[in-house]
Structure formats: C-alpha cells, structure tokens
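Student: I would like a close look at a single part of this model. Please start with the strand pairing, then work outward from there in one connected account.

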Amino acid sequence: MNEKVIKRPESFYTVFERKGGSAPTATTYCPGCGHGILHKLIAEAMSELEITDRCVFISPVGCAVFAYYYFHCGNVQAAHGRAPAVATAISRLEDNSILISYQGDGDLASIGLNETLQAANRGEKMVVFFVNNTVYGMTGGQMAPTTLIGEKTVTTLSGRNALFAGHPIQLCEMVNTLKSPVYIERVSLSDIAHIRKAKMAVKKALEIQKEGKGYAFVEFLSPCPDNIKLGPVETVEFINHELEKEFPLGCFRDNIDSALPIQRPKSDFSKDSLDKAFGLESSTSNKAKLDPSFKPTFLKIAGFGGQGVLSLGLTLAVAGQESSRFVSWYPSYGPEQKGGTSNCGVIIDGKPIDSPAVYEPTILVAMNRPSLDKFIGSVRPNGIVFYEASIGKYDFPSGIKSFAVPAQEIAESAGSGKAANTAMHGAIAILGNTGLSDGVFELAIKETFAKKPSLIPLNLEVFKRAKEWAEKIS
C-alpha cells in the first residue's frame with residue numbers, strides 16, 4: 001500500500017517573508033478567506049505537475065496582490081486590471097512559461113474586463129484563476145461587479161439595486177461566448193466537498209498550460225466573512241444557496257482532449273526588429289557617449305495640436321542624437337490632436353536618462369498663450385522661455401530669460417505658415433544655450449523630414465531665416 005504524505009507543497013516558500021519582517025509564518029489573509037484555500041490548491045497542483053520552475057504568477061491590485069510572499073516561482077505584479085496584458089507579453093516572450101493570472105472580482109470584472117475578454121478571444125496561453133467573493137475585499141467591502149441584487153455592502157447600505165447599479169456580471173457565461181478558450185469552469189470554495197472539486201479544476205487548468213494548449217478560465221465562488229459580516233456556517237450557506245443561484249456551478253467548456261498545443265511564430269524583440277518597427281533602421285544618428293561634464297537640457301514644448309509641437313520635440317531630440325547625447329522624447333496630447341492641447345518633454349543629457357518626464361524645464365517653448373500660462377510656473381530659475389511673438393506682452397518671473405519669437409511671421413515669409421515650429425527650432429539653435437553645435441540642428445531637420453524630402457528645402461529656409469533673426473537678437 002502506497003503511503004501518502006500530506007505536507008507543505010514545494011511550490012510554497014517555507015517562510016513568508018514580509019515587508020517589515022512581521023509574522024513571517026502567518027498569511028496576509030483574514031480568517032475564513034478563500035484566497036488562502038485557493039493558494040494551497042494551486043501550490044499542490046503546481047508541485048504534483050512538476051511545473052513550479054515554469055510558472056509565473058501575475059497578481060494585480062486586490063487581496064491577492066501579495067502572491068509573491070507565498071509562491072516559490074516567478075512573480076510579477078501588474079497594474080489594476082492589467083494582469084492579462086502582462087501575462088500575454090511574458091507568454092509571447094517566454095513560450096515555455098506557464099502564466100497564472102490571479103485576480104479578484106473587483107479587479108477582473110471591473111477595470112480589467114476588456115483585458116480579460118481580449119486575452120480569452122486571442123486564446124492566449126494562460127490560466128485565469130478568478131476569485132469571486134462579491135465585494136471589493138481589500139478596500140473595505142464596497143460593491144463589486146458581482147455583488148448580488150439586494151446584497152448589502154458599505155456602498156449599498158440598502159442592498160444592490162439593479163435600477164441604479166445593474167445586475168451582477170457573469171464571467172464564465174461571458175467568456176463562454178468566445179471561440180478560443182479551451183477550458184471554462186465555475187467551482188466553489190465553500191466546504192470540503194466543493195473544495196475537492198475545485199482542486200480538480202485547478203489541476204486540469206494547469207495541465208492545459210503544461211501542454212501549451214491555450215486559454216483556461218476558472219471562477220471560484222469564495223468566502224469573505226469579514227466583509228459580508230457572516231459567521232462560518234452562515235458563510236457556507238450564503239455561498240451554497242445564494243451565490244450559486246446567481247452563479248451556477250459547472251463546466252462550461254472542456255476541449256482539453258481535442259485541443260492541440262499552440263505553436264506561434266517566435267516573437268522578435270531584437271534591436272534590429274524594434275528599429276524597423278519604429279522606422280529607425282535607416283537612421284544615421286550617432287550612438288550616445290557618456291559625458292558627465294555635459295550640462296543637461298530639459299525642454300517642455302507646448303501649444304495647440306496642429307502647431308507641430310510634437311514634431312519640434314522630435315527634431316530637437318534628433319539634434320541631441322546627432323551630437324552623441326542621451327535623449328528622450330515624451331509626448332502628451334488631449335483628445336483631439338488637431339485643435340486640442342499638446343505638449344512634449346525632451347531631455348538631452350550626457351548620461352543615461354532615468355525618467356523621460358520633464359517637470360521643471362530649463363527651456364520652455366510656448367506656441368500659444370494658454371501653454372505659456374500653464375507651464376511658466378514650472379520653469380527652473382535662470383531658465384529660458386521661447387514664445388510666439390503674437391502672444392504679446394507677458395509678465396515673466398524674475399530671473400527668467402524670455403524671447404518673443406515671430407515664428408509664424410518667419411515661417412510665412414519663407415512660404416509656409418505651418419513651419420512655425422521650425423522657426424522655433426532655429427531660434428533655439430542660437431539662443432537656447434543647449435551645448436549642441438549649430439550644425440546638428442540643420443542635420444536634425446534633414447533627418448526628421450527624410451521620408452518627405454520635398455519639405456526639406458522649405459524647412460531649411462525657415463530655419464535659416466530664424467537663425468538670422470536670432471543672431472541679431474543675440
């Protein structure tokens with residue numbers, strides 16, 4: 001007779017190291033919580049299938065966000081609702097990995113609903129373990145997308161009302177409308193009999209991943225005694241008699257025997273591939289060289305969409321590249337690119353750039369009055385402001401050097417009012433104190449318009465006239 005030893009699964013850590021070092025052998029879960037039960041089922045299945053070294057847990061916001069305290073495998077935290085997107089990326093990069101997206105109802109069925117359906121529709125190689133306890137457990141028990149009609153929460157004191165909040169979302173039924181998923185089942189963690197069936201569903205879903213057969217989705221009706229304010233016996237009755245009415249248990253799909261392992265073409269994330277994707281394969285820009293003595297330039301360029309704000313930022317970034325500097329370009333624009341507000345940050349530095357965000361520019365370029373009003377307060381002391389001259393007189397803070405550039409007028413004199421951004425480029429080349437040589441600004445124009453060569457002569461003429469204006473000013 002074979003002896004069965006019941007012990008801690010090897011997929012669990014022996015000690016649950018936590019921030020601050022408190023209670024290293026205790027879990028983060030409340031007494032009676034379903035997360036701890038499900039963690040044990042998953043860890044047992046991982047060990048039994050001998051797949052721990054291939055597994056990557058994706059845990060976004062929610063009670064299960066600290067999965068990395070428990071599971072002795074790869075662990076990645078994701079933004080709220082974004083676990084399927086992160087899992088997709090890792091699955092495509094590491095084809096042999098087994099992705100476990102572990103999510104609660106507040107995360108998956110609310111902000112993450114689209115991510116979930118899109119990953120299921122693509123048939124990604126991942127398993128989604130969906131914990132449905134009908135409340136936002138971590139943040140105090142607010143109404144969730146799965147809260148029952150009439151169920152009381154801290155945000156539905158009189159019970160959920162369908163006229164105000166709609167009906168509970170049934171995820172298994174929704175995922176079952178899609179063609180790609182291999183396995184879909186809803187189980188319960190209410191009592192021993194249900195937990196045994198849940199263990200079988202967990203193991204089957206992970207077997208599908210071990211064999212690389214595609215997408216699996218398992219929903220778990222789970223207890224949350226603290227938030228639903230029920231004792232142990234009442235909690236079991238609530239799940240078995242109330243939750244199961246709205247969310248009937250059962251296997252919605254099981255194609256494990258007929259499904260074949262997915263063989264996707266290998267994704268190419270090499271530098272050559274990325275350069276081609278972003279149109280950089282023909283770039284002749286110099287590689288960045290470390291130069292700690294170079295004084296960095298932080299530019300904020302702002303205006304209305306259609307004024308060439310983002311294009312000017314790109315051209316200035318290319319000028320930095322031509323000088324072998326480290327550069328970044330970080331765009332931001334409103335709902336309408338044309339006519340809406342638009343700005344970008346550009347950093348030109350002699351050392352690697354930690355963050356592309358520009359909060360305190362050394363140079364501000366404002367193509368209109370609203371942009372000047374918005375960003376003037378962020379310019380660093382002794383900074384420089386280039387603004388469209390048609391804005392008129394402006395009261396600048398002391399210590400700020402300002403230049404009213406007739407960019408629109410210069411561009412129109414050269415034959416195109418749309419090239420006012422290039423006029424600003426010329427003014428910055430002479431008056432910006434960027435530490436870049438004059439020639440790289442002209443090279444940057446040629447590089448920027450390389451795919452539209454007919455525009456190069458016009459922009460070079462605008463650039464030339466702007467430089468002449470700037471040289472007179474200087």
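Tutor: Two strands count as paired if DSSP finds at least two bridges between them. The model is a predicted one, and strand 13, residues 363-366, is a good place to apply that criterion. Strand 13 is joined to strand 10 (residues 297-304) by 4 bridges, and the two run parallel. Strand 14, residues 384-388, also pairs with strand 13 in the parallel sense, again over 4 bridges. Individual residues fix the register. Ile363 of strand 13 has Leu299 opposite it, while Leu364 has Val385 of strand 14 as its bridge partner. In a regular strand, side chains alternate between the two faces of the sheet. Strand 13 shows this: Ile363 and Val365 point one way, Leu364 and Ala366 point the other way, and all four are buried.

That burial leads to the packing around the strand. Nonpolar side chains in soluble globular proteins tend to be buried together. Here the largest nonpolar core has 44 residues, and Val365 is among the members that touch the most others, together with Ile301, Phe386, Val405, Met424 and Phe441. Ile301 falls within the span of strand 10, and Phe386 within that of strand 14. Val405 can be followed further: beyond four places in sequence, Val405 touches Phe386, Tyr387, Glu388, Ala389, Met424, Ala427 and Trp469. A second core, separate from this one, has 42 residues, including Cys73, Val131, Ala198 and Ile256.

Helix 11, residues 309-322, follows strand 10 in sequence numbering. At 1.5 Å a residue, its 14 residues should span 20 Å, and the end C-alpha atoms are 20 Å apart, which agrees. Of those 14 residues, 11 are buried, so the helix is largely enclosed by the rest of the structure. The buried positions include Val309, Leu310, Leu312, Leu316 and Val318, and also Thr315 and Glu322. Just after helix 11, Ser324 takes a positive phi of about 65°.

For the second core, Val131 is a useful way in. Val131 stands opposite Phe220 of strand 8. Strand 4 (residues 127-132) and strand 8 (residues 216-221) run parallel and are joined by 6 bridges. Both belong to an open sheet of 7 strands in the order 2-1-3-4-8-7-9, with mixed pairing. Strand 2 (74-77) and strand 9 (250-254) stand at the edges; each has a single partner strand, so one side of each is left without a neighbour in the sheet. From one strand to the next, the twist averages 15°.

Helices lie across this sheet. Helix 1, residues 34-49, crosses strands 1, 3, 4 and 8, at about 170° to strand 3. Helix 7, residues 192-210, lies across strands 3, 4, 7, 8 and 9, and runs at about 155° to strand 7.

Several loop residues around these elements deserve a note. Ser190 is in the loop between strand 7 and helix 7. With a relative accessible area of 10%, Ser190 is under the 20% cut-off and therefore counts as buried. The Ser190 side chain makes a polar contact of 3.2 Å with the side chain of His194. Farther along the sequence, Ser190 is in contact with Leu221, Val236, Ile239 and Asn240.

Thr146 sits in the loop between strand 6 (142-143) and helix 5 (162-165). Its relative accessible area is 0%, so Thr146 is buried. A polar contact of 3.0 Å joins its side chain to that of Asn132. Apart from sequence neighbours within four places, the residues in contact with Thr146 include Asn132, Phe130, Asp105, Arg160 and Phe247.

Two other loop residues are at the surface and have unusual backbone angles in the sense that most residues other than glycine have a negative phi. Glu50, in the loop between helix 1 and strand 1, has a positive phi near 55°. Glu50 is exposed at 67% relative accessibility. Lys229 is in the loop between helix 8 (225-228) and helix 9 (232-246). Lys229 has a positive phi of about 60°, and its relative accessible area of 66% makes it exposed.

Technical notes: Residues numbered from 1 in each chain as written. Predicted model: local features only at pLDDT ≥ 70, side-chain atom pairs only at ≥ 80, totals over all residues. Heavy atoms only, no water. Buried < 20%, exposed > 50% of the residue type's maximum accessible area, 1.4 Å probe, protein only. Polar contact = N/O pair within 3.5 Å; in protein donor to acceptor, adjacent residues only side chain to side chain. Contact = heavy atoms within 4.5 Å. Axes fitted to C-alpha atoms, helices over the stretch in contact; angles between N-to-C directions. Core = buried A, V, L, I, M, F, W, Y, C linked by side-chain atoms within 4.5 Å. Expected span 1.5 Å × (residues − 1).
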